Amino acid sequence: MVDGVFTLSQADKQERLLPELARLTEHHRRNGEAYARILSATGHGPDRDYRSVADLPWLPVRLFKTQVLKSIPDESVFKVLTSSGTTGDVSRIFLDKEAAAAQTRMLSRTIQAAIGRQRLPMLIADTPAVIKDRKSFSARGAGVLGMMNFGRDHVWALDPQEKPDVEAIKGFLAKHGGQPFLIFGFTFMVWLYLYEVAREHKLDLSNGVLIHSGGWKKLIDQSVDNAAFRQAFANHTGLTRIHNFYGMVEQIGVVYLEGPQGNSLYCPDFADVIIRDPETWQELPPGKPGLVEVVSTLPESYPGHALLTEDLGVVHGIDDGDWPGKRFSILGRLPRAEARGCSDTFSGGQA
């Protein structure tokens, strides 16, 4: 297996991330008037000396729903990504060509830790309708399109009318089921439109590698947590190579990937998480749940390098798991926070 982006101990990661994140803070200050005003208003003057990653200024992720935040001129905008949400408010993330290439490259290196370097035959637990607009993507569409780069001979598990295509799934397995193949989808859709179909039709998915993310709320409501999800796939389909991941369009190109043992998420070498007390904003130690802040050295075209999410999480341990660095779990949304959407809001249309 390839693990080229899960290599740094936590101490080495902090030493590498701190100067790069401080550089990005100044880069976005110089190139984004709105961000510069935010830094000024929050007491973060130019060239401030930061002693740790946790000291760096962060933006609430919700700000991207109400403000235009970018560090490139309008004529350099190559692609605009949008998040999904339940109120009509969406984040808008601006990428130039260099930023788009960087996020694709680092996403590739991260996913290769789970599937290796070979492009595998790919079964997509979604509908082709999700990628209709190639210029402006929903979060779900962007996720699907990004993952398609890692597969070949793509087959959609849902037809254009967004109904399970049982014959297409059977045809894919007849052709590719005897060798390693890739499965991708958002968690709730994988469960409803692939697991249920595979169980009903006794389909063998034992050679598959499943990458999935998002949409846990409806499953938790059905008493299906991560452990039950994995066990059900193993028992009824033979599928055991399963990697959940955590990510968001506001920090595109970064995925926090579940390790081989399946009980924790891990941070790639160019990213990290900080768990903060929701009242004091101080960093919390392992074992204490709080709000998740995500940091990454990738965002050059917009100030997304340090973002406070609306998700609750907990760090379980440091340098003591499948891969080095922090291992953590997402516990859910902050109460009363807007649901992110994605597959949670799937009801026959694009999220």
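**Exercise 1. How do the residues lining the second largest pocket divide into nonpolar, polar and charged?**

Before you start, keep in mind that this is a predicted model.

*Solution.*
Step 1: Begin with the space itself. The second largest pocket has a volume of about 310 Å³.
Step 2: Look at what surrounds the pocket. Its lining is made of 18 residues, and those closest to the centre are His44, Asp55, Leu56, Pro57 and Trp58.
Step 3: Ask which elements contribute. Helix 2 and strand 1 (59-60) each give two or more residues to this lining.
Step 4: Sort the lining by class. You should arrive at 10 nonpolar, 4 polar and 4 charged residues.

**Exercise 2. Describe the second largest cavity and its lining.**

*Solution.*
Step 1: Rolling a probe the size of a water molecule over the atoms shows where empty space is left.
Step 2: Count the cavities of 30 Å³ or more; there are 2. The second largest cavity holds about 50 Å³ of space.
Step 3: List the lining residues. They are Leu95, Ala99, Ala102, Gln103, Ile252, Leu298, Pro299, Glu300, Ser301 and Tyr302.
Step 4: Find the main contributor. Helix 4 (residues 97-115) gives the most to this lining, with 3 residues.
Step 5: Sort by class again. This time the lining has 7 nonpolar, 2 polar and 1 charged residues.

**Exercise 3. Follow helix 1 (residues 10-31): find its span, its kink and its cover.**

*Solution.*
Step 1: Helix 1 has 22 residues, and at 1.5 Å a residue a span of 32 Å is expected. From first C-alpha to last, helix 1 reaches 31 Å, which is close to that value.
Step 2: Now look along helix 1 for a change of direction. At Leu17 there is a kink of about 25°, shortly before the proline Pro19.
Step 3: Pick out buried residues; among them are Leu17, Leu18, Leu21 and Leu24, and also Lys13 and Glu26.
Step 4: See what lies over the buried residues of helix 1. The cover includes helix 2 (33-41), strand 12 (271-276), strand 13 (290-296), strand 14 (306-318) and strand 15 (326-333).

**Exercise 4. Is helix 7 mostly covered or uncovered?**

*Solution.*
Step 1: Check the span. Helix 7 (residues 187-200) has 14 residues and so should span 20 Å at 1.5 Å a residue; its end C-alpha atoms are 18 Å apart, in agreement.
Step 2: Locate the bend of about 25°, which is at Leu194.
Step 3: Count the buried residues. Helix 7 is mostly covered, with 10 of its 14 residues buried. Among these are Phe188, Met189, Val190, Trp191 and Tyr193.
Step 4: Look past the end. Lys202 follows helix 7 and has a positive phi, near 55°.

**Exercise 5. Are Asp126 and Leu210 buried or exposed?**

*Solution.*
Step 1: Place Asp126 in the loop between strand 4 (120-124) and strand 5 (136-137).
Step 2: Apply the cut-off: buried means under 20% relative accessible area. Asp126 has 1%, so Asp126 is buried.
Step 3: Leave out neighbours within four places in sequence, and Asp126 is in contact with residues including Arg140, Trp156, Phe186 and Met189. The last of these, Met189, is a buried residue of helix 7.
Step 4: Turn to Leu210, in strand 8 (residues 208-213). With 0% relative accessibility, Leu210 counts as buried.
Step 5: Not counting residues up to four places away in sequence, Leu210 touches Val190, Phe229 and Phe233, among others. Val190 brings us back to helix 7, where it is buried. The C-alpha atoms of Val190 and Asp126 are 8.2 Å apart, although 64 residues separate them along the chain.

Methods. Residues are numbered from 1 along each chain as its sequence is written. This is a predicted model: local features need pLDDT of at least 70, side-chain atom pairs count only at pLDDT 80 or more; totals for chains, interfaces and linings use all residues. Side-chain values use heavy atoms; hydrogens and water are left out. On a 1 Å grid over the protein atoms alone, a cavity is a set of points where a 1.4 Å probe fits but cannot get out, and a pocket is an open set with protein on both sides within 12 Å along at least five of seven lines; lining residues have an atom within 4 Å of a point. Grid points are joined across faces, edges and corners, and a volume is the space filled by probe spheres set on the points. Helices (H or I, at least four residues) and strands (E, at least two) are DSSP runs, numbered from the N terminus. Ala, Val, Leu, Ile, Met, Phe, Trp, Tyr, Cys and Pro count as nonpolar, Asp, Glu, Lys and Arg as charged, and the others, Gly among them, as polar. The expected span of a helix is 1.5 Å times one less than its number of residues. The bend at a residue is the angle between axes fitted to the seven residues ending there and the seven starting there. Buried means under 20% relative accessible area, exposed over 50%, partly exposed in between (1.4 Å probe, protein chains only). Contact means heavy atoms within 4.5 Å.
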